[in-house]
Amino acid sequence: MATLPVYRWRLAPEGLATRRQLRAMGLRPGGQDVAAELQRPRRRRGPLVAYLYRVDCAKPVRPMTPARRAALGRANRARRICPACRRDAGYVIPASLGACVPCAEPN
């Protein structure tokens, strides 16, 4: 098993990017393996780790189709429906509450 090269924060070479950086460029990893690891040191805890991908092997982001847009709209709408009162809360129901605020805190 080959080990990945590890770079410190802000010292990664050109041609490597994180998923977020690829997305900002309109790209996606496209099934390629992780090329390297980026580590940001922290006090009293382990380092933050981000995986780096090769930009030259990245593929363009797939376009949003009308069917995908509709499915995403339905999924987001379902996150706003309170399971207790079945009403649209107008906001995403917090997982910590499990219901809209009036149902979770009836006082």
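# Exercises on charge, surface and loops

Arginine 86 has a relative accessible area of 61% and is therefore exposed (over 50% is exposed, under 20% buried, and partly exposed lies in between, with a 1.4 Å probe and protein chains only). This is a predicted model, in which local features need pLDDT of at least 70 and side-chain atom pairs count only at pLDDT 80 or more, while totals for chains, interfaces and linings use all residues. Residues are numbered from 1 along each chain as its sequence is written, and side-chain values use heavy atoms, with hydrogens and water left out.

**Exercise 1. Describe the backbone and location of arginine 86 and arginine 44.**

Step 1. Most residues other than glycine have a negative phi.

Step 2. In arginine 86, phi is positive, near 60°. Arginine 44 also has a positive phi, near 65°.

Step 3. Place both in the chain. Arginine 86 is in the loop between H2 and H3, and arginine 44 is in the loop between S4 and strand S5 (45-54). Helices (H or I, at least four residues) and strands (E, at least two) are DSSP runs numbered from the N terminus.

Step 4. Arginine 44 has 85% relative accessibility, so it counts as exposed.

**Exercise 2. Find the salt bridges and state the accessibility of each partner.**

Step 1. Apply the criterion: a side-chain nitrogen of Lys or Arg within 4 Å of a carboxyl oxygen of Asp or Glu. The structure holds two such pairs.

Step 2. Aspartate 56 pairs with arginine 54, with 2.8 Å between the closest N and O atoms. Aspartate 56 is exposed because its relative accessibility is 60%; arginine 54, at 37%, is partly exposed.

Step 3. Aspartate 88 pairs with arginine 80, and here the closest N and O atoms are 3.3 Å apart. Aspartate 88 has a relative accessible area of 43% and is partly exposed. Arginine 80 is partly exposed as well, at 25%.

**Exercise 3. Which residues make up the positive patch and the nonpolar patch on the surface?**

Step 1. Select residues with over 30% relative accessible area and no salt bridge, then join like charges within 9 Å and nonpolar side chains (Val, Leu, Ile, Met, Phe, Trp, Tyr) within 5 Å. Lys and Arg count as positive and Asp and Glu as negative, with His and the chain ends not counted. A charge is placed at NZ of Lys, CZ of Arg, CG of Asp or CD of Glu.

Step 2. The positive patch consists of Arg10, Arg40, Arg42 and Arg45. Arginine 40 belongs to strand S4 (residues 36-42) and is partly exposed at 39% relative accessibility.

Step 3. The nonpolar patch is formed by Leu4, Val49 and Tyr51, which together have about 260 Å² of accessible area (Shrake-Rupley method, 1.4 Å probe, only the protein chains shown counting as cover for residues). Leucine 4 sits in the segment before strand S1 (6-8) and is partly exposed, at 35%.

**Exercise 4. What do alanine 84 and leucine 97 touch, leaving aside neighbours within four places in sequence?**

Step 1. Alanine 84 is in the loop between H2 and H3; leucine 97 is in the loop between helix H2 (66-80) and helix H3 (101-104).

Step 2. With contact meaning heavy atoms within 4.5 Å, alanine 84 touches Ala99 and Cys103. Leucine 97 touches Ala104 and Glu105.

Step 3. Check the C-alpha separations. Alanine 84 and cysteine 103 are 19 residues apart along the chain and 6.8 Å apart in space. For leucine 97 and isoleucine 81, 16 residues apart in sequence, the distance is 13 Å.

Step 4. Alanine 84 is exposed at 56% relative accessibility, whereas leucine 97 is partly exposed at 35%.
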